[in-house]
Amino acid sequence: MNDEALKKLWQEQNLVEPALPSEQQISALKQRMKKLGRTLFWRDIRENIGAVFTAVIFSFYFCKFDAFLVRAGCVIVVASALFNILYLFLKKRVPPKLHPDESVTESLRRDLQKTNIEIGLLRSVLWWYVLPGTFGVMLFYLGLVQLLTPALGFATILVSIDLFLCWLNERAVDRRLMPLKYEIEALLDPDNHPAPPEPEKKHMTSKLLVILATVGLCFFVAKVVKAVEPSVKLTSKAPAAIDEMLARIVAQDKIPAMSIAVVVDGKIVATNAVGVRKYGGTEKVTIDDQFHLGSVTKSMTATVAAMLVEQGKISWTTTIGEIFSSSKGQINGEYHNVTLEQLLAQRGGVPGNPPNELWRKAWLATGSAAEQRLAFIKGMLAEKPEAKPGTKFIYSNQGYTIAGVMLEKASGKTWENLMQTMLFEPLGMKSAGFGAPATLGKVDQPWGHKAGLLNIEPVPPGPAADNPLAISPAGAVHCSMEDLARYAAFHLAGERGEGKLLKPGSFKKLHQAVGDDYALGWMVLSRGWAKGNALMHNGSNTMFYVVVWIAPERNFAVVVATNTGSDKAFPACDAAASELIRQFLQ
Amino acid sequence: MDSESQNDAQFLELIGQNRPKLLKICRVYTWNTGEQDDLYQEILFQLWRALPSFKANSHANTWLYRVALNTAITFVRKNKTSRMRVVPCDTEELQQIPAHPTHDPDKTEQIRELLRAISQLNDLEKAAITLFLEDLGYEEIASVMGISEGNVGVILHRAKKKLSTLMKELA
């Protein structure tokens, strides 16, 4: 068929008229033109809304947190989001706007240029999108959550998302853009166009390595920052905030008084006391007021034991049988081989509760404290242990009392004397003493309180104001919270290898859990805010309540006391300690 | 008459005069009648958008063909990449093309063969052969396509050769 015949045939086609008449078409076109403007506007918004949202959220976090890593992460994420907006805007502006009446080949060349830019963008998404975001988000997380295990979990999720994003983009290039590019190239130059190549390998391994290196860099930066940055930043408004917080807790929980002290980087940075010494009275507590420490005394007994071990007066493995060799016959055979260390770790098999008769006698006992203790432990040791020694943790005041008497025997000094000369004096704990803090008949120090029928009831100084003297090594010390903070700072420094009075090995011994989580007078508990293990003990003679938290990784400690042993005491002190941790370790 | 109404009237006149050309271009790039309608609407829309540039341009024919062909080529490609149905080359759809005005079955079949053969060409060849069949000279085809007249000759020669072979095969 010749050209003319073809043209004739072409012209003879029977055409179908379009669905819409032209007049209606005009209004439809005008409508569509209006809609186009809106569509383009919302397309631009959609493309950038994610980045804008991210920038806003992380700007908020930047203002909320003041930790260096968190802020650095926020700055990087925000900068990277803004960069993404700008980068996409500039890249997409490179091909000049297409005019519908350009020549056909010009229009195709423009399409090719656009496709090549899009290929370049998707292929390099790792560098301009994935890595900056990952770096910022990872730093942010490491600043916020400073524990290794969750950080590793988060890093794994982040790396997986990054890899998936890279893979998706590579896939889009291979499946959509490369065929399009070759199709247009083939149209423009059919004679010199090579066959489309096989899809390239996605090089995911090298991308994975780059992402892992970036995440690794984040961990390295976090470590360096952690080494340089002070572990704790003081809040300028702390004193007022603490005052307000304590007043609130005291009022809410209807407790008589509360006293606190905070240690940061080895120094006492905050002390505060709110409330009254005696419920219903007018005498206000001061920061120098003494509070009964209850079982917090146990770690003090253990600390003095460590000092005597270093002096060679006794060893961790010294047994009850060795110390009381002369009266061995009156001691139950199962106790003979129980060591000092087992007693301090609450694993000596000593019963948690003393026999009733022995306990009644302890309340009525007279004579010196040392005599009362000796009589008490003789009664204890004559009985069968509660469990086979060394096999079970049994929290026991009696066990600590036996240990205290062992120290007295080994040193030839009373437990009170040992505490005073070896611990209180060297540490400058001038307010430290034994028993109920107040003088008989006076409200010169806080009184203890017990739960009454309607309200809490003050317990006047006297025989009922503390436990029997027999169990002093397990819980009889009192002191101000400032002095308790000195003691906490001493253990804090010791755990960090900066201690005095004791060798690092002795501190390690005191702070290392035996069995589950009980060390020698300390509980060892893993806490997120502490960035690892915290040393903790609480104590109560049922009329006072005290809690001590030491976070060696943060170089931080907090002590909180109240002069009541009621049900409210524990949650109130816990709330105050939590609030202080939040304020100081934000 | 205000300027907007003048504009509308001018557009209506333009479309009225050139509707057959546009409909034939649509048929070259897709056989499916639904898609032909979509493509026709799209071409009208692009012509409407490009109307200001038409006023400054004295070569109305060239302008019209450029817009229509660019729109058609982009339309086909978008459909392909968005994985909608691939437009051309379904024999069943070819049967939707209406019979020759004289109801001569031979003529109808010849037209269908021609369209079937054209559908085998690439997008540029389709454009060139459409313009050729629309009786445009080499100079005008070159202007629409943005290539030299020599190149127009090369593309048309290749396209016609393919058509001839394909139509023989089909016959």
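Strand E1 of chain A is joined to strand E11 (residues 556-562) of chain A by seven bridges, and these two strands run antiparallel; strands here are DSSP runs (E) of at least two residues and helices are DSSP runs (H or I) of at least four residues, both numbered from the N terminus. Two strands are said to pair if DSSP finds at least two bridges between them. This is a predicted model, in which local features need pLDDT of at least 70 and side-chain atom pairs count only at pLDDT 80 or more, while totals for chains, interfaces and linings use all residues. Residues are numbered from 1 along each chain as its sequence is written, and chains are lettered from A and ligands numbered from 1 in the order in which they are written.

**Strand E1 and its partners**

On its way through chain A, E1(A) is also joined to strand E2 (residues 267-275) by eight bridges, again in the antiparallel sense. The hairpin of E1(A) and E2(A) has two residues between the strands, and A:Asp265 takes a positive phi near 50° there. The table sets out bridge partners in chain A.

| Residue | Bridge partner or opposite residue | Strand of the partner |
|---|---|---|
| A:Ile260 | A:Val560 | E11(A) |
| A:Ser259 | A:Ala273 | E2(A) |
| A:Phe434 | A:Val477 | E7(A) |

Strand E1 (residues 257-264) of chain A is largely enclosed by the rest of the structure, because eight of its eight residues are buried, where buried means that 20 or more other C-beta atoms lie within 10 Å of the residue's own, exposed means 12 or fewer, and partly exposed lies in between, with C-beta atoms placed from the backbone. Both faces of E1(A) are covered, with A:Ala257, A:Ser259, A:Ala261 and A:Val263 buried on one side and A:Met258, A:Ile260, A:Val262 and A:Val264 buried on the other.

**Nonpolar cores**

A nonpolar core is a set of buried Ala, Val, Leu, Ile, Met, Phe, Trp, Tyr and Cys residues joined through C-beta atoms within 7 Å. The largest has 113 residues, and those with the most contacts inside it include A:Met258 and A:Ile260. Not counting residues up to four places away in sequence, A:Ile260 touches residues including A:Ile242, A:Leu246, A:Met481, A:Val560 and A:Leu580, contact being defined by C-beta atoms, placed from the backbone, that lie within 7 Å. Apart from the largest core lies another, of 48 residues, with B:Leu44, B:Leu47, B:Ile129 and B:Phe132 among them.

**Elsewhere in chain A**

Three strands of chain A form an open sheet in the order E3-E7-E4, with antiparallel pairing. Its edge strands, strand E3 (290-292) and strand E4 (433-434), each pair on one side only, and E4(A) pairs with strand E7 (residues 477-480) over two bridges. In helix H6 (residues 148-188) of chain A lies A:Met178, which is partly exposed because 17 other C-beta atoms are within 10 Å. A:Met178 and A:Thr115 are 63 residues apart in sequence, yet 8.4 Å apart in space, C-alpha to C-alpha.

**Chain B and its contact with chain A**

Chain B holds nine helices and zero strands, and buried residues make up 37% of its 171 residues. Among contacts in chain B between residues at least 6 apart in sequence, 64% join residues at least 24 apart. In the meeting of the two chains, 44 residues of chain B are in contact with 30 residues of chain A. Elements giving two or more residues to this side of chain B include helix H1 (3-29), helix H4 (60-81) and helix H8 (138-145).
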